[in-house]
Amino acid sequence: MLRLDADLAVRLTVRRAGEPDSSGRCVVYWMQRAQRATDNPALETAIAAANELGVPVVVFFGPMPSFPGANYRHFHFMMQGLADTAERLEARGIGLVLRRLDEGGLAAFCLEAHAALVVSDENPMREPERWRASLAGELRVPFWTVDSDVVVPSALLEREHYSARTIRPKLRAHLERFLVRAKDRRVRVSWHPPRGMKSLAPRVETLDQMPLDRSVQPAPGVAGGTTEGLRCLRKFLREGLPGYSARRNRPEVEGTSRLSAYLHFGQLGPRAVALAVSAAHAPGVDREAFLEELIVRRELSVNFVKFNPRYDRLQGCEAWALRTLAAHARDPREHHYSGRQLEDAVTHDPLWNAAQRQMVRTGWMHGYMRMYWAKKILEWTRSPEGAFEIAVRLNDRYQLDGRDCNGYAGVAWAVGGKHDRPWGPERPIFGLVRYMNAAGCSRKFDTKAYIRAM
Ligand code: FAD
């Protein structure tokens with residue numbers, strides 16, 4: 001049995017048991033979510049195993065053009081990131097092979113490359129979980145997955161947590177152990193691709209050959225990749241972190257990190273970001289406020305998706321919220337809009353329209369506006385179930401960080417009171433689900449400046 005450090009072993013799930021193939025020629029790392037060459041526990045696990053077996057590591061990446069909700073905007077950002085990651089992997093002596101997953105790529109590749117062992121990262125969402133289960137059935141060598149995109153391994157939380165209040169002490173209790181600098185191991189045997197081994201080039205032009213939904217174009221002025229993500233992080237540490245706790249709820253000013261897309265695509269790992277923020281020269285109150293979002297809120301979302309199979313439907317919300325929303329489902333709506341009207345940002349509310357435009361044009365909506373945006377969809381559509389569905393669809397389609405645990409938890413919070421509590425007085429449509437309105441926004445920030453900017 002291969003020996004692994006305790007900090008990697010605790011993140012590991014064995015999907016297909018057994019001994020690595022002793023005649024194997026490499027360890028294959030099937031990179032899915034953690035699309036980076038550093039601070040990546042799955043990659044480090046692959047390297048540790050490969051070093052012990054005396055073979056190289058090759059990363060397999062399989063883009064899936066038909067991934068639900070994904071379009072050219074997402075793929076463009078992702079491919080920019082892969083180009084960067086390929087260079088960083090090469091500098092470490094690790095190969096990258098890129099083939100379309102829907103063309104049967106992975107199991108065939110493992111045979112072709114003569115894999116001794118296959119390692120992958122984790123993502124609790126339904127579709128990638130299905131792919132992993134299917135691969136486990138096809139492989140003849142062991143298959144391990146490593147929980148790489150959370151600070152605290154999500155299995156240690158054991159069950160679905162009710163709220164930030166209940167998960168916070170559990171996460172905090174593990175931080176001393178897990179919020180530590182990553183060890184990037186030296187690769188003992190470098191990868192040299194066998195003659196004739198096919199791979200697509202990791203560059204944006206490769207997307208021209210793929211049948212992608214091109215109706216959403218790349219976000220202007222935003223570039224994917226670890227290098228670009230680290231640049232944004234450094235800028236945020238200098239200019240955004242001091243004052244973050246006060247500014248983060250002011251959508252009209254640049255107050256937050258805008259790291260969510262880099263975290264979503266795994267181009268940055270949450271541990272490296274958290275360590276950089278912890279060590280930054282900024283007031284403690286700002287560092288704490290940021291770590292609350294990055295660790296507590298983000299890992300609460302991962303916990304929700306991992307343990308709640310109905311994470312992308314209203315039915316995944318608590319019984320009190322379902323009851324109160326059902327009791328008010330037939331309340332008259334003063335304004336009613338179709339999904340199309342919402343998508344086109346043609347409501348009576350300039351603040352909501354501005355938020356929708358920000359998302360469609362830039363691929364990112366400010367966090368405070370996301371709350372208001374989703375709550376108004378509940379108020380202006382026919383049913384809470386339908387509101388949930390529209391909010392998820394638009395969020396996944398336009399946000400660069402969409403199709404993420406945070407998105408499902410965010411919509412569930414806004415529409416279905418998830419991770420929240422009942423709020424009186426009982427109101428039309430919302431019942432006891434927390435309500436927001438434009439007047440409340442105006443008291444918090446300069447809504448006119450935000451509307452003008454969008
Ligand atoms: P910062 O304020 O700089 O926060 C740093 C990081 O902490 C973020 O990048 C994110 O990873 C995490 N974080 C911040 N706020 C939250 C939160 N409320 N819940 C969980 N994690 C958080 N986030 C996504 O990553 N993808 C989504 O699709 C998404 N959709 C949302 C939809 C709705 C309706 C709501 C209410 C929230 C949604 N969020 C989503 C959460 C949050 O709004 C964004 O993560 C944040 O605004 C991203 O901007 P930032 O990186 O500048 O955030």
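## A walk from strand β3 to helix α12

Start by selecting β3 and strand β4 (residues 95–98): the two pair in the parallel sense over four bridges. Strands here are DSSP runs of E with at least two residues, helices are runs of H or I with at least four, and both are numbered from the N terminus. Two strands count as paired if DSSP finds at least two bridges between them. Phe 61 stands opposite Leu 98 in β4. To get from β3 to β4, follow the chain through helix α3 (residues 72–91); this β-α-β crossover is right-handed, meaning that with the strands pointing away from you, the path from the first strand over the helix to the second runs clockwise.

Before going on, a word on the model: it is predicted, local features need pLDDT of at least 70, side-chain atom pairs count only at pLDDT 80 or more, and totals for chains, interfaces and linings use all residues. Residues are numbered from 1 along each chain as its sequence is written, and side-chain values use heavy atoms, with hydrogens and water left out.

Now look at β3 itself, residues 57–61. Five of its five residues are buried, so the strand is largely enclosed by the rest of the structure. (Buried is under 20% relative accessible area, exposed over 50%, partly exposed in between, with a 1.4 Å probe and protein chains only.) Val 57, Val 59 and Phe 61 point one way, Val 58 and Phe 60 the other. That fits the usual pattern: in a regular strand the side chains alternate between the two faces of the sheet.

Next, add strand β2 (residues 26–30), which pairs with β3 in the parallel sense over four bridges. Val 27 sits opposite Val 57. Here the chain travels from β2 through helix α2 (residues 41–53) to β3, in another right-handed β-α-β crossover.

Jump to Ser 120 in strand β5 (residues 115–121). Ser 120 is buried, at a relative accessible area of 0%. Its side chain makes a polar contact with the side chain of Gln 32 at 3.1 Å; such a contact is an N or O pair within 3.5 Å, where, within protein, one atom must be able to donate a hydrogen and the other to accept it, and sequence-adjacent residues count only if both atoms are side-chain atoms.

Last stop: helix α12 (residues 319–327), where Trp 320, Ala 321, Thr 324 and Leu 325 are buried. The buried residues of α12 pack against α15 (367–380), α16 (384–398) and α17 (405–416), contact being heavy atoms within 4.5 Å. Rotate to the face turned away from the buried side and you'll find Arg 323, Ala 326 and Ala 327 exposed.
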